[in-house]
Amino acid sequence: MSADQEQRTIRCLVAKVGLDGHDRGAHVIARAFRDAGFEVIYSGLHRAPEEIVQAAVQEDVDVLGISILSGAHNTLVPKVIEGLKEYDAFDDTLVLVGGIIPDEDKEKLLEMGVAEVFGPGTPMEETVEFVEEHAPER
């Protein structure tokens, strides 16, 4: 591994998609990622899947963390994944979902290409370690 690769900062987009108005968790994870040395962009609330895809592509992020508590994950996450694929950005973006996701839906999301689903109460260190271990190398 070259010094350049070692020094490269992991770029993350923490995204709130849909009508979910609860962003405390997203702010907590954004701060934890910053504290871990990641570069973090926060989408703000009420973003459409297309807006999230545009931001991920334009910012050339390594990691897209979707925070969703509204129950609309089965509708919104596939739209984000399809959008990333359209831009040819899916394969080099680690897609994570955080929030309240029923177990049966978690399986569907993982099959769809979400790298991991983190539920409430997941220790921050666990999420940070997952990102450090799985972020795509460029």
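Two strands pair if DSSP finds at least two bridges between them. Strand 1 and strand 3 of this predicted model are joined by 5 bridges and run parallel. One contact shows the register: Ala 15 has Ile 66 of strand 3 as its bridge partner.

Strand 3 also has a partner in strand 4. These two strands run parallel as well, with 6 bridges between them. Here Val 63 is matched with Leu 94 of strand 4. The connection between the two strands involves helix 4, residues 73-86. Together, strand 3, helix 4 and strand 4 form a right-handed β-α-β unit.

How many residues of strand 3 are buried? The count is 6 of 6, so strand 3 is largely enclosed by the rest of the structure. In a regular strand, side chains alternate between the two faces of the sheet. In strand 3, Val 63, Gly 65 and Ser 67 point one way. Leu 64, Ile 66 and Ile 68 point the other way. Residues in both sets are buried. The two bridged residues named above, Val 63 and Ile 66, thus fall in opposite sets.

The loop before strand 3 was examined next. Val 61 sits in this loop, between helix 3 (49-58) and strand 3. Its relative accessible area is 2%. Buried means under 20%, so Val 61 counts as buried. Val 61 lies 52 residues from Gly 113 in sequence. In space, their C-alpha atoms are 17 Å apart.

The largest pocket has a volume of about 500 Å³. Its lining draws two or more residues from each of strand 1 (11-16), helix 2 (24-35), strand 3 (63-68), strand 4 (94-99) and helix 6 (124-134). The three paired strands described above are therefore among the contributors. Helix 2 gives the largest share of the lining, with 6 residues. In total, 25 residues line the pocket. Nearest its centre lie Gly 25, Ile 29, Gly 98, Gly 99 and Phe 118. By class, the lining holds 12 nonpolar, 10 polar and 3 charged residues.

A record annotation covers much of the region discussed. An unreviewed UniProt entry lists residues 9-138 as "domain: B12-binding". In the model, this span is 44% helix and 19% strand. The C-alpha atoms at its two ends are 11 Å apart.

Definitions and conventions. Residues numbered from 1 in each chain as written. Predicted model: local features only at pLDDT ≥ 70, side-chain atom pairs only at ≥ 80, totals over all residues. Heavy atoms only, no water. UniProt positions renumbered as here; feature names shortened; annotations may be inferred. Helix = DSSP H or I, 4+ residues; strand = E, 2+ residues; numbered from the N terminus. 1 Å grid on protein atoms, 1.4 Å probe; cavity = no way out; pocket = protein on both sides within 12 Å on 5 of 7 lines; lining within 4 Å. Points joined across faces, edges and corners; volume = space filled by probe spheres on them. Nonpolar A, V, L, I, M, F, W, Y, C, P; charged D, E, K, R; others polar. Buried < 20%, exposed > 50% of the residue type's maximum accessible area, 1.4 Å probe, protein only. Right-handed = clockwise from strand over helix to strand, strands pointing away.
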